[in-house]
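The following exercises are to be worked with the sequence and the three-dimensional model at hand. Each task is followed by a solution in steps.

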Amino acid sequence: MKKLQYVLPVLLFLGAATLAQGPAPSRDQARSAAPLFHETFSGRSLDKTKWFIDTGKAPGNIAGVNTGTLSAEHVDLSTGMLRLKLTQSVSGGLATSTGAEIRSKQLFGYGTYVWVARAASTSDTPSGAGSAVSGTVTDVFTFVNDSETEIDFEYQGQSPSTLEMTNYLTTSHSQSSSAAVPGADGGFHEYKFVWSPAKIEFYLDGTLVSTHTEHIPSAPAAVLINLWGTNSTSFGGVATPGEPTYLYVSSFAFTPSD
């Protein structure tokens, strides 16, 4: 997969964020394997002590082709979990895509990362009927410093049954693989990766589906969840105007390595 280069709208969090890699867990903590960070998105609003809502330019912003932005208004917890929204319109050949993104205030290192999510679809409720459309990208991932570390689970709207897994050690060095996940846009799945110095193991619903051993990053990184739009005949697909799409995430957890 050739991924569009991703640049965060705000990169000043490095000094202010707490490094979750930090002190090693105690023996009791390691034995219990309790998550260091656990989020169920069950409040009425996003916990601003844990998360930033990013705004500004989105990935997939291409002059004359797609004006992509991230909006705080497209982030809500009204359905009992995190819901991110994407809208698209097209005038002439130019698409306007407004998506959403949240980013953890903490940085996390080696350990186990688990999201429970329903990939983007046209359903405006977590359990409603809906399907993926072209022009959307679903991402749950880690990221810091222009992909000094980046580890992704990703779906493209034009190929909604293909889960793409990629790790970056800067944008010039990466490894990718994929797995078939029929119906990812119709229901929830558990997406987990275990990151260690030598490898990254990717799991779907508890089953190991891929192991990467090349270009393994080491820098602690933020956790991100985003939904953004494309207007491309290749990556993401052409825009689908007039069809809002929604990404649902019911939980995220991080457990540091022993």
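**Exercise 1: A covered strand**

In this predicted model, strand β16 (residues 222–229) is mostly covered, with eight of its eight residues buried. Determine which residues of β16 lie on each side, and which strands pair with β16.

*Solution.*

Step 1. In a regular strand the side chains alternate between the two faces of the sheet.

Step 2. One side of β16 carries Ala 222, Leu 224, Asn 226 and Trp 228, and the other carries Val 223, Ile 225, Leu 227 and Gly 229. These residues are all buried, and both faces of the strand are thus covered.

Step 3. Strand β7 (residues 94–104) runs antiparallel to β16 and is joined to it by four bridges. Within this pairing, Ile 102 has Ile 225 of β16 as its bridge partner.

Step 4. β9 also pairs with β16 in the antiparallel sense, over eight bridges. Here Phe 141 stands opposite Leu 224.

**Exercise 2: The surroundings of Thr 138**

Is Thr 138 buried or exposed, and which residues does Thr 138 touch?

*Solution.*

Step 1. Thr 138 is located in strand β9.

Step 2. A residue is buried under 20% relative accessible area. Thr 138 counts as buried because its relative accessibility is 7%.

Step 3. Its side chain reaches the backbone nitrogen of Ala 120 at 3.1 Å.

Step 4. Leaving aside residues up to four places away in sequence, Thr 138 touches Ala 119, Ala 120, Phe 153, Glu 154, Tyr 155, Asn 226, Leu 227 and Leu 247. Of these, Asn 226 and Leu 227 are buried residues of β16, on opposite sides of that strand.

**Exercise 3: Two cavities**

The structure holds two cavities of 30 Å³ or more. Describe the volume and lining of each.

*Solution.*

Step 1. The largest cavity has a volume of about 70 Å³. Its lining consists of Ala 117, Arg 118, Ala 119, Thr 138, Asp 139, Val 140, Phe 153, Glu 154, Tyr 155, Leu 163, Tyr 191 and Leu 247. By class, these are eight nonpolar, one polar and three charged residues.

Step 2. The second largest cavity contains about 50 Å³ of space. Among its lining residues are Ala 119, Ala 120, Thr 138, Tyr 155 and Asp 185. This lining comprises five nonpolar, four polar and one charged residues.

Step 3. β8 (111–121), β9 (136–144) and β10 (149–156) each supply at least two residues to the lining of the largest cavity, and β8, β9 and β10 each do so for the second largest cavity as well. Ala 119, Thr 138 and Tyr 155 appear in both linings.

Technical notes: Residues are numbered from 1 along each chain as its sequence is written. This is a predicted model: local features need pLDDT of at least 70, side-chain atom pairs count only at pLDDT 80 or more; totals for chains, interfaces and linings use all residues. Side-chain values use heavy atoms; hydrogens and water are left out. On a 1 Å grid over the protein atoms alone, a cavity is a set of points where a 1.4 Å probe fits but cannot get out, and a pocket is an open set with protein on both sides within 12 Å along at least five of seven lines; lining residues have an atom within 4 Å of a point. Grid points are joined across faces, edges and corners, and a volume is the space filled by probe spheres set on the points. Ala, Val, Leu, Ile, Met, Phe, Trp, Tyr, Cys and Pro count as nonpolar, Asp, Glu, Lys and Arg as charged, and the others, Gly among them, as polar. Buried means under 20% relative accessible area, exposed over 50%, partly exposed in between (1.4 Å probe, protein chains only). Two strands pair if DSSP finds at least two bridges between them. A polar contact is a pair of N or O atoms within 3.5 Å; within protein, one must be able to donate a hydrogen and the other to accept it, and residues adjacent in sequence count only if both atoms are side-chain atoms. Contact means heavy atoms within 4.5 Å.
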